[in-house]
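Here is a short tour of one structure, written for someone who likes to think in contacts and packing. Have the viewer open and follow along.

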Amino acid sequence: MARNKSRDAAKLGGKPSSDLTQQQKKNIPASRDSGPRDSESADRKHSVGDDEAAMLSRKKLVTAREKTVDARESASKARENTVLVREDAAQTREEETNSREDIAAKREDAMQSTQTELQLKSPEHTAMLQEANTRLVVATLAAQRQTEQIEKVRVELQHLAHHDALTNLPNRVLLRDRLSQAIEAAHRQGQQLGVMFMDIDRFKKINDSLGHAVGDQLLQSLAKRLLTSVRGSDTVSRQGGDEFVLLLPLIESPDGVELSAKKILTALAHPHNIAGHALHITFSIGIAIYPDDGEDAETLLKHADMAMFYAKESGRNNYKFFEQEMIGRAVELQSIEASLHLALERNEFLLHYQPKIDLHSGAIVGVEALIRWQHPQRGLLLPGHFMSIAEDCGLILPIGRWVLREACLQAAAWMNSGLPAIIVAVNTSALEFRSEEFLEHIRATLKTTGFDPHLLEIELTESVLMRDVESTNSVLHSLSDMGIRLAIDDFGTGYSSLSYLRRFPINTLKIDQCFVNQLNANPDDATIVQAVISLGKSLHQRVIAEGVETQEQYEFLLAKNCDEGQGYYFGFPMAPQSLAALLKAGGSLIPASD
Ligand SMILES: Nc1nc2c(ncn2[C@@H]2O[C@H](COP(=O)(O)O[C@H]3[C@@H](O)[C@H](n4cnc5c(=O)[nH]c(N)nc54)O[C@@H]3COP(=O)(O)O)[C@@H](O)[C@H]2O)c(=O)[nH]1
């Protein structure tokens, strides 16, 4: 502050320009009064104008000198100011240095007093240090344990990323990796390798009818059985759902793969005992061979999958090697599945009716409703082209409901138009029969269509009936209580238990057409047909022979006292109008004998 005051004072303290120093005064020339007398008198000889001019000139000189003195004074003041500013800065620096020294001194004091304090508390301090040390050891051990756990989790995650959680088999990621490596090895060694794509037949039905927990246990059981059916060098993997892929690296020839496929089908054929159910499972297997069917993992898997699809199409429970022609067929099947979803909406399904005749009179006693699909591009398709696809994708349920309603409406319409009452049989798939809404839907359909339940027959295959027999028995009795008739379709091809056959409220046994076909050529088939007819009689069930195509077959059946017949010999499946015409005409459908 004092420093500022002095600086301000210096700034403000400028003297007036007339305030000349003694030195400055000495430099000013003498005035006209100080000149010698002689020259004065001489000058008097000059004019007065010359004197005035000289005086003016002197005055100007004095003024100029005064300005120079002022400028020098200003410069001197500026220098003085600069010196003051410098002094000022030096003072600030000094003050800062002093303050830093103060702080350093205080810190030193504080350290010394802390040191003294610690020295005083030394035993306490040692205990504290020991405790801290113990804590440090415990924390280090915990950190080590945590690191181990993290490593364990990392290994588990790594395992999970490459294995299927349900079966613990390698998953699709690991399979692809192993397949790619196996391809490289086979390529280097100029060898072949095999890829098998395996899919459980009708697995969806098991899940839908017995629940997902049973489905999961079945998958685990299958995984174990697959592992015991292959070599240690093979990789069994689960791709997801009910799909498994087997990699057979470095095979001798495709024959070896074929042997493995057969072995697997045999091993899996034994029932799986799960949650009190004896589950009979079959597999469809597609096989692709490197390098003939593909040179990279993706192509091999795609072609094996395609061949598997083909194995399913040709009856399931078998294996197929990939063939180039399958590519077109697989595309076709996929397009069928896509358009199947729209077929119901677009009303593209229709029913044909095949007559069932009384073998003695030849009269039509009933019809079997058989679904057809009027495909917009492919024309009229038989169920063999689309029903298994409908089953696999679950569309069988809405389709089945449509069939039942359409058949009841048609039969009611025939009756309302005055045609004789006949029994209308409807095929029912396992998925429909096991669905929770099945009974309720039938009840509602009979109500809305007004069709007499005593004229409705439900055809079920042995395999549907013999699965989960207790619940089957209950559903069958509910249907029977409603007045609905029950028939066992394709009888003789499944594994019917005779005791259940007695317990179930069955009205009709339909002898499968494979026995009727070879009736006259194969004595065994004739024996089976005769045995079934006798069985039906003794159980008070009607017996109908399917697939009757010839007069010989008809005559054999008639001679054995078979009740009814169905087949091309009597009539093909036909449109409802054609059937109505036959019903109207009445009479016998037995062709006149030659
Ligand atoms: N769940 C449902 N299944 C259905 C439905 N409609 C039909 N089907 C099943 O599809 C399978 C094939 O049926 P389709 O092509 O209609 O063949 C039937 C007859 O045309 C055929 N048949 C009849 N007579 C003869 C013959 O003399 N020779 C001969 N080679 N074939 C003949 O048999 C089929 C009827 O068989 P079945 O049902 O066992 O009585 C077939 O399994 C149908 O059940 C449907 O709506 N739902």
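The report below goes from the whole chain to a few strands, then to the ligand and one helix.

**The chain as a whole.** Please keep in mind that this is a predicted model. The chain holds 22 helices and 16 strands. Of its 594 residues, 29% count as buried. Among contacts with a separation of 6 or more, 66% join residues 24 or more positions apart.

**Strands side by side.** Strand S11 (residues 423-427) is a good place to start: five of its five residues are buried, so the strand is largely enclosed by the rest of the structure. Ile-423, Ala-425 and Asn-427 point one way from S11, while Val-424 and Val-426 point the other way. S11 is joined to S9 by four bridges, and another four bridges join S11 to strand S12 (residues 456-461). Strand S14 (residues 508-511) has a similar layout to look at: Thr-508 and Lys-510 point one way and Leu-509 and Ile-511 the other, and all are buried. The table lists the pairings.

| Strands | Bridges | Direction | A facing pair |
|---|---|---|---|
| S9 and S11 | four | parallel | Gly-366 and Ile-423 |
| S11 and S12 | four | parallel | Val-426 and Ile-458 |
| S13 and S14 | three | parallel | Ala-487 and Thr-508 |

**Around the ligand.** The ligand is surrounded by 22 residues, and the closest are Leu-370, Ile-371, Pro-383, Asn-427 and Gly-567. Asn-427 also belongs to S11, where it is buried. Strand S9 (364-375) and strand S13 (485-491) each supply at least two residues of the shell; S9 gives the most, with three residues. By chemical class, the shell divides into nine nonpolar, eight polar and five charged residues.

**A helix with two faces.** Helix H9 (residues 254-269) has 16 residues and reaches 23 Å from its first C-alpha to its last, close to the expected 22 Å. Which residues of H9 are buried? They are Val-257, Ser-260, Ala-261, Ile-264 and Leu-268. Seen down the axis of H9, these buried residues fall within an arc of 100 degrees, so they line one face of the helix. In general, an α-helix has 3.6 residues a turn, so residues three or four places apart point the same way. The face turned away from the buried side of H9 carries the exposed residues Asp-255, Leu-259, Lys-263, Thr-266 and Ala-269. The buried residues of H9 pack against helix H8 (212-229) and four strands: S1 (192-200), S3 (243-251), S6 (283-290) and S7 (319-321).

Definitions and conventions
Residues are numbered from 1 along each chain as its sequence is written. This is a predicted model: local features need pLDDT of at least 70, side-chain atom pairs count only at pLDDT 80 or more; totals for chains, interfaces and linings use all residues. The expected span of a helix is 1.5 Å times one less than its number of residues. A residue is buried if 20 or more other C-beta atoms lie within 10 Å of its own, exposed if 12 or fewer, and partly exposed in between; C-beta atoms are placed from the backbone. The arc is that of the directions from the helix axis to the C-beta atoms. Two residues are in contact if their C-beta atoms, placed from the backbone, lie within 7 Å. A residue is near a molecule or strand if its C-beta atom, placed from the backbone, lies within 6 Å of it. Ala, Val, Leu, Ile, Met, Phe, Trp, Tyr, Cys and Pro count as nonpolar, Asp, Glu, Lys and Arg as charged, and the others, Gly among them, as polar. Two strands pair if DSSP finds at least two bridges between them.
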